[in-house]
Amino acid sequence: MCMTVISNLEYDRNCYFELRDKIKNICTDMNTNINNLSQTKQNIDKYLKIDDVNNPHQSLSNKIEELKEIYNNLINNVIPAINSKIDSINNNIKDIQGKESYE
């Protein structure tokens, strides 16, 4: 019975590892895109003027800020929550293994 529970916990833990890896890859891509968009915005501001006004539309700036917020949420909240869940699963596995050794 305990081995089945441990196997299920290990499966869950591996799913969280995969999820964390995918999110880290997304964050890497997002960071690259944020940097590229920021550079593009700087170039637009530098070279494009309409009626002597730089970047009259704030949509690109707004999108960059939205991406930064999503990125920061993933880095500062989602990944730590996944790590916490992995730690919790590891502790559950250790507890079960410890109980098994006493039986």
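The following paragraphs describe the fold, the nonpolar cores and the charged side chains of a predicted model.

The protein chain contains 2 helices and 2 strands. Followed along the sequence, these elements come in the order α-β-β-α. Helix 1 covers residues 2–47, and helix 2 covers residues 59–102. Of the contacts between residues at least 6 apart in sequence, 79% link residues that are at least 24 apart. One pair of this kind of separation is Arg13 and Asn90, which stand 77 residues apart along the chain while their C-alpha atoms are 7.8 Å from each other.

As to burial, the chain has 103 residues, and 19% of them count as buried. The surface that the protein chain exposes amounts to about 7600 Å², of which carbon and sulfur atoms supply 50%.

The buried nonpolar side chains can be considered next. The largest nonpolar core has 7 residues, namely Ile23, Cys27, Met30, Leu74, Ile79, Ile82 and Ile86. Both helix 1 and helix 2 provide at least two residues of this core, and the greatest share comes from helix 2, with 4 residues. Another core, of 5 residues, lies apart from it, and Ile6, Ile89, Ile93 and Ile96 are among its members. Within the largest core, Ile82 illustrates the surroundings of a single member. Beyond its neighbours within four places in sequence, Ile82 touches Tyr16, Leu19, Arg20 and Ile23.

The contact between Ile82 and Arg20 leads to the charged residues. Arg20 belongs to helix 1. When neighbours within four places in sequence are set aside, the contacts of Arg20 are Ile79, Ile82, Asn83 and Ile86. Of these, Ile79, Ile82 and Ile86 are listed in the largest nonpolar core. Arg20 is buried but forms no salt bridge. Its nearest side chain of opposite charge is that of Asp21, at 4.4 Å. Because a salt bridge requires a side-chain nitrogen of Lys or Arg within 4 Å of a carboxyl oxygen of Asp or Glu, the 4.4 Å between Arg20 and Asp21 does not qualify.

A second arginine of helix 1 is Arg13. Arg13 has a relative accessible area of 19% and is therefore buried, the limit for that class being under 20%. Outside the four places on either side in sequence, Arg13 is in contact with Ile86, Ile89, Asn90 and Ile93. Ile86 is part of the largest core, whereas Ile89 and Ile93 are among the residues of the other core.

Where, then, are the salt bridges? Side chains of opposite charge can pair when their charged atoms come close. The structure holds 2 such bridges. In one, Lys63 pairs with Glu66, and their closest N and O atoms are 3.7 Å apart. Both residues lie in helix 2, with a spacing of 3 residues, or about one turn of the helix. Lys63 is partly exposed, since its relative accessibility is 48%, and Glu66 is likewise partly exposed at 39%.

The other bridge joins the side chains of Glu65 and Lys68, with an N to O distance of 3.7 Å. Glu65 and Lys68 are separated by about one helical turn, because they stand 3 residues apart in helix 2. Glu65 counts as partly exposed at 41% relative accessibility, and Lys68 is also partly exposed, with a relative accessible area of 32%.

Terms used
Residues are numbered from 1 along each chain as its sequence is written. This is a predicted model: local features need pLDDT of at least 70, side-chain atom pairs count only at pLDDT 80 or more; totals for chains, interfaces and linings use all residues. Side-chain values use heavy atoms; hydrogens and water are left out. Buried means under 20% relative accessible area, exposed over 50%, partly exposed in between (1.4 Å probe, protein chains only). Contact means heavy atoms within 4.5 Å. Accessible areas come from the Shrake-Rupley method with a 1.4 Å probe; for residues, only the protein chains shown count as cover. Lys and Arg count as positive and Asp and Glu as negative; His and the chain ends are not counted. A nonpolar core is a set of buried Ala, Val, Leu, Ile, Met, Phe, Trp, Tyr and Cys residues joined through side-chain atoms within 4.5 Å.
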